[in-house]
Amino acid sequence: MLVDALTLPQDTVLETELCIVGAGPAGIAIAREFIGQPTSVCLLESGGLEPRADLEQLCETETIGQPCSIGPETRCRKFGGTSNFWCINIGGGQWGVRLAPLSAIDFEQRDWIAHSGWPFDRAALDPYYERAQKVCCAGPFAYEAEDWTTERSPVLPLDPETWRTHIYQFGLRDVYAHEYRQEIQQSPTITAYIHANVLELETDDLGQHVTSVRVAASTGSTFQVKAKTFILAAGGIESAQLLLLSNRVQRAGLGNAHDLVGRFFMDHPKVYLGSWIPSRPRLIHQALLYDMRRVHASPIMGALTLSDKIAQQEHLLAISAMLFPRSKPYQAQATYALKTLLYELTQADGDSPAVGKVAFLKRIIKHLLTGRRCPDDIWKRVVAIASGLDYILPATYRTLKNKQPAMTGLGRGGWSADQQAHRWFHDFEVLCMVEQEPDPSNRIILGAQRDPFGRLKPQLHWRLSDQMIQSILRSQDSLADAIAKAHLGELQILRDRDNLPVFESLGSHHHMGTTRMHPDPRQGVVDETCRVHGVDNLYIASSAVFPTGGHANPTLTIVALAYCGPRLASG
């Protein structure tokens, strides 16, 4: 059943057995476990079925220190949560998210990374990973390179003692907001409330048992949900914020007896390692495994990561390096000249730069013939464009034929379908996601500003460490050496004028660590079952519980951990 909380009378009291806060991938996965079961479930979602501009204000967050993306562009107030933001075009009119489990070493206590180590090993999570794989609508639970290689698409012959290949798969975006929502709506024992904004978790007099949550449907209407068990599935920012706001009994916030709630915030900064220039053009087709493409109907993509051996020897953070082919230098210059000319000419006429290609060609001809509003160097640009038509025209044809929009960042792919790819591409841009080590000074606190419901907004204190910078630099050198020793060409390392890494962005919208997991309440907010220390009926299903982040996108691990919630709640 689906209910709009805006229709509830003021001071309504709802009673249920299980209350889940947050209808994102984790909350939805848990709720679906109770379809056909007698347990009554209340699922609370602060957003609606469509985005609302006023709700975006609830995601506004101040950042102190270095900038990190944690605002409305990264946290979605809508049924389905952040799945609504997944934007990788995986073909066939489908959009998805990159998936991979954490590596075995990510669960270990690593001597060179303070506060590292999970309370269980990777094998303990594997059964839940397999279930998460299915709910994410991905292929088989197979992430080793040999599961996907063929004679035509082998792994790059790098020394496996230094760099190895791992696989990404891609899950579907729309199943959460559509198919799974319909399943929940049809369940007689599950009620999902939209426009239900949790203001506070209310407890007994000792703060050891959550009795209810206070919820606002609007700035003037509130209601209450009482339950036996509560699960916060509200993400890495909101989960910490709600614990800190719930401070009537425990003045520092619920579960915050040791000042750990909000600390150890982590993300995955994205870094340009450099350009791999293959020693032979045909080597481009030996890199087919590293393109995003379908194998046995499953969208996959290979990437490079450090071996456990080299990470231990060099004391390096985890890293995942992806390869994206680039055109030859003169072709890149032609493309740039075309794009800038298109922008300037359409701006001169007061139009949007996103005009159609035919309209653009007509405009070019008109401006050339009349000389009206032409840039001073227009002929120089036209010559540059003409010199690169051998790339521009086929690229335009491929884009139109595949009906794929131009992608940037880590969302690119599909080039390997062209048998003549080696003719169009000169080198590979090497772009990677980097692990951020857990640092207690990187933290979420409550700021001084208030949101429309009167709650104190979260404030992030965050910076990159010298350890991360040095790890990236050593990883660059290691990959360059591995490529050279394998006779694959050269990695032209990219660094700035101060010989430091060049970041594509300081985060990947992967908000982790703010309610970290540890069996000792002096070192973690939740225990190994994801239960908040000192509170007997409150669990957290979120990347907020990650002790470390590894190099992989957190989605698959979030959903795998979420399955602990219904297991514990039911027994």
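1. Let us start with how the chain's contacts are spread along the sequence. In this predicted model, take the contacts in the protein chain with a separation of 6 or more: 73% of them are accounted for by residues 24 or more positions apart. The points below pick out some places where distant parts of the sequence meet.

2. A quick overview will help you find your way around. The protein chain holds 14 helices and 23 strands. It has 571 residues, and 57% of these count as buried.

3. Helix 1 is a good place to begin looking. This helix covers residues 25-32 and is mostly covered, with seven of its eight residues buried. The buried ones are Pro25, Ala26, Gly27, Ile28, Ala29, Ile30 and Ala31. What packs against this helix? Helix 4 does, and helix 13 is another partner, with the axes of helix 1 and helix 13 coming within 9 Å.

4. Take helix 4 (residues 174-186) as the partner to begin with: its axis and that of helix 1 are 10 Å apart, and the two helices pack at an angle of about 30°. Angles under 35 degrees count as roughly parallel, and helix 1 and helix 4 are therefore roughly parallel to each other. The crossing of helix 1 past helix 4 is left-handed. On the helix 1 side, the contact uses Pro25, Ile28, Ala31 and Arg32, while helix 4 brings Tyr176, Tyr180, Glu183 and Ile184. Sorted by class, the residues of this contact are six nonpolar, no polar and two charged.

5. Now turn to helix 13 and its contact with helix 1. The axes of these two helices cross at roughly 35°, and helix 1 passes helix 13 in a right-handed crossing. Helix 1 contributes Pro25, Ala26, Ala29 and Ile30, and helix 13 contributes Ile558, Val559 and Ala562. Which classes of residue make up the contact of helix 1 with helix 13? There are seven nonpolar residues, no polar and no charged. Pro25 is worth a second look, as this residue is listed in the contact with helix 4 and also in the contact with helix 13.

6. Helix 13 (residues 555-562) also meets helix 3 (residues 122-135), where the axes come within 8 Å and cross at roughly 110°. Helix 3 and helix 13 are therefore roughly perpendicular to each other, and helix 3 passes helix 13 in a right-handed crossing. From helix 3, the residues involved are Leu125, Tyr128, Tyr129, Ala132, Gln133 and Val135; from helix 13, they are Leu556, Thr557, Val559, Ala560 and Leu561. This contact has nine nonpolar, two polar and no charged residues. Val559 appears here and in the contact of helix 13 with helix 1.

7. Aromatic rings deserve a point of their own. A search of the whole structure finds 10 aromatic pairs. In one of them, the rings of Trp86 and Tyr176 have centres 5.7 Å apart and planes at 90°, so this pair is edge-to-face. Trp86 sits in the loop between strand 5 (62-65) and strand 6 (88-91), and Tyr176 is in helix 4, so the pair ties together parts that are 90 residues apart in sequence. Are these two residues buried or exposed? Trp86 is buried, with a relative accessible area of 10%, and Tyr176 is buried too, at 0%. Elsewhere, ring pairs link Phe107, Trp118, Phe120 and Phe546 into a cluster.

8. Gly274 gives a view from a strand. This glycine is found in strand 14 (residues 270-278) and is buried, with a relative accessible area of 5%. Which residues does Gly274 touch, leaving aside neighbours within four places in sequence? They are Phe428, Glu429, Val430, Leu491, Gln492, Ile493 and Leu494. Gly274 and Val502 are 228 residues apart in sequence, yet their C-alpha atoms are 9.1 Å apart in space.

9. Finally, two backbone angles are worth checking by eye. Most residues other than glycine have a negative phi. Cys137 has a positive phi, near 60°; this residue lies in the loop between helix 3 and strand 8 (163-172) and is partly exposed, with a relative accessible area of 30%. Asn499 also has a positive phi, near 65°. Asn499 belongs to the loop between strand 21 (489-493) and strand 22 (502-505) and is partly exposed, with a relative accessible area of 45%.

Notes:
Residues are numbered from 1 along each chain as its sequence is written. This is a predicted model: local features need pLDDT of at least 70, side-chain atom pairs count only at pLDDT 80 or more; totals for chains, interfaces and linings use all residues. Side-chain values use heavy atoms; hydrogens and water are left out. Axes are lines fitted to C-alpha atoms, for helices over the stretch in contact, and angles run from 0 to 180 degrees between N-to-C directions. Helices (H or I, at least four residues) and strands (E, at least two) are DSSP runs, numbered from the N terminus. Angles under 35 degrees count as roughly parallel, over 145 as roughly antiparallel, 65 to 115 as roughly perpendicular and the rest as oblique. A crossing is left-handed if the near helix is turned anticlockwise from the far one by less than a right angle, and right-handed if clockwise. Contact means heavy atoms within 4.5 Å. Ala, Val, Leu, Ile, Met, Phe, Trp, Tyr, Cys and Pro count as nonpolar, Asp, Glu, Lys and Arg as charged, and the others, Gly among them, as polar. Rings of Phe, Tyr and Trp (its six-membered ring) pair if their centres lie within 6.5 Å; planes under 30 degrees apart count as stacked, over 60 as edge-to-face and the rest as tilted. Buried means under 20% relative accessible area, exposed over 50%, partly exposed in between (1.4 Å probe, protein chains only).
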